[in-house]
Amino acid sequence: MINIFIKLNNRERGMSIIEVAIAIAFIMLAGTALMTMALTASAAVISARYKTMATKIAQEQIESYRAKRNEIGWDQLILTPTINPCPTIIPVVTPPIFTRKVCITQPNVDTRQIDVSVTWDERGKPQQVIQSTKLNRWQ
């Protein structure tokens, strides 16, 4: 019978412990990079969701003032006092807690400037969205 098995010397039998350690380190590094990328993407999605909610809250406030102008009249839109500008702070209870601040000024006789600022805390950092519009006396 012919011996078909060839004897291998000790270097060619298998992977050394150093090769295995390098392979494991590479896999762990790649896994860590993937997890970091996934967590960063998740945080960006949550941040975008909060910013969208804040923008919606600000736009709703502007639209409510537009409706007030149309329903109750131009003169009923109360201007913000110049002594304490923008004192209207309205808490909006949705996670996270948004705070809405409204400022109404009158650049000229037939125009009212409405500035709405919505703020919230996101991971310990304050965030803000500002929406502005001008309403004209049209009636």
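**View 1. Contacts and overall make-up of the predicted model.** Among the contacts in the protein with a separation of 6 or more, 47% are accounted for by residues 24 or more positions apart. The model shown here is a predicted one, and its secondary structure comes to 1 helix and 4 strands, which follow the pattern α-β-β-β-β when read along the sequence. Of the 139 residues of the protein, 22% count as buried, while the accessible surface comes to about 10,600 Å², with 63% of that surface belonging to carbon and sulfur atoms.

**View 2. Strand 2 and strand 3 as an antiparallel hairpin.** Strand 2 (residues 98-108) and strand 3 run antiparallel and are joined by 8 bridges, and the hairpin that they form has 2 residues between the strands. One pairing to look for is that of lysine 101, whose bridge partner in strand 3 is serine 117. Strand 3 itself covers residues 111-122, and because 9 of its 12 residues are buried, this strand is largely enclosed by the rest of the structure.

**View 3. Strand 3 beside strand 4, with the turn at arginine 123.** On pairing with strand 4 (residues 125-136), strand 3 again takes the antiparallel sense, here over 12 bridges. Two of the facing positions can be followed by name: threonine 119 stands opposite glutamine 128 in strand 4, and aspartate 121 stands opposite proline 126 in strand 4. The hairpin of strand 3 and strand 4 has 2 residues between the strands, and arginine 123 has its place in the loop that lies between these strands. Although arginine 123 is not a glycine, its phi is positive, at about 55°. Arginine 123 has a relative accessible area of 67%, over the 50% cut-off, and therefore counts as exposed.

**View 4. The largest nonpolar core.** In soluble globular proteins, nonpolar side chains tend to be buried together. The largest nonpolar core of this model has 16 residues, and those with the most contacts inside it are Ala54, Tyr65, Phe98, Val102, Ile114, Val116 and Val118. Helix 1, strand 2, strand 3 and strand 4 are the elements that give two or more residues to this core, and the largest share, 5 residues, comes from helix 1. For a closer look at one member of the core, alanine 54 touches Phe98, Val118, Trp120 and Val129, when residues up to four places away in sequence are not counted.

**View 5. A nonpolar patch on the surface.** Which residues make the nonpolar surface patch of about 420 Å²? The patch is made by Met15, Val20, Ile24 and Met28. Of these residues, isoleucine 24 is found in helix 1, which covers residues 17-72. With a relative accessible area of 46%, isoleucine 24 is partly exposed.

**View 6. Lysine 134 and its neighbours.** Lysine 134 is found in strand 4 and is exposed, with a relative accessible area of 53%. Leaving aside residues up to four places away in sequence, lysine 134 touches Thr111, Arg112 and Gln113. Lysine 134 and threonine 105 are 29 residues apart in sequence, and their C-alpha atoms lie 9.5 Å apart in space.

**View 7. Salt bridges along the chain.** Side chains of opposite charge can pair when their charged atoms come close. The structure holds 3 salt bridges, and one of them joins glutamate 63 to arginine 66, with the closest N and O atoms 3.4 Å apart. Glutamate 63 and arginine 66 both lie in helix 1, 3 residues apart, which is about one turn of the helix. Glutamate 63 is partly exposed at a relative accessible area of 36%, and arginine 66, at 25% relative accessibility, also counts as partly exposed. A further salt bridge brings together the side chains of arginine 137 and aspartate 110, at 3.6 Å from N to O. This pair links distant parts of the chain, 27 residues apart, since arginine 137 lies in the segment after strand 4 and aspartate 110 in the loop between strand 2 and strand 3. Arginine 137 is partly exposed at 38% relative accessibility, as is aspartate 110, with a relative accessible area of 41%. The side chains of glutamate 122 and arginine 123 also meet in a salt bridge, at 3.9 Å from N to O; glutamate 122 is buried, with a relative accessible area of 7%, whereas arginine 123 is exposed, at 67%.

Methods:
Residues numbered from 1 in each chain as written. Predicted model: local features only at pLDDT ≥ 70, side-chain atom pairs only at ≥ 80, totals over all residues. Heavy atoms only, no water. Buried < 20%, exposed > 50% of the residue type's maximum accessible area, 1.4 Å probe, protein only. Pairing = 2+ DSSP bridges. Contact = heavy atoms within 4.5 Å. Areas by Shrake-Rupley, 256 points an atom, 1.4 Å probe, with all protein chains shown as cover. Patch = residues over 30% accessible without salt bridge, like charges linked within 9 Å, V, L, I, M, F, W, Y side chains within 5 Å. Salt bridge = Lys/Arg side-chain N within 4 Å of Asp/Glu carboxyl O. Core = buried A, V, L, I, M, F, W, Y, C linked by side-chain atoms within 4.5 Å.
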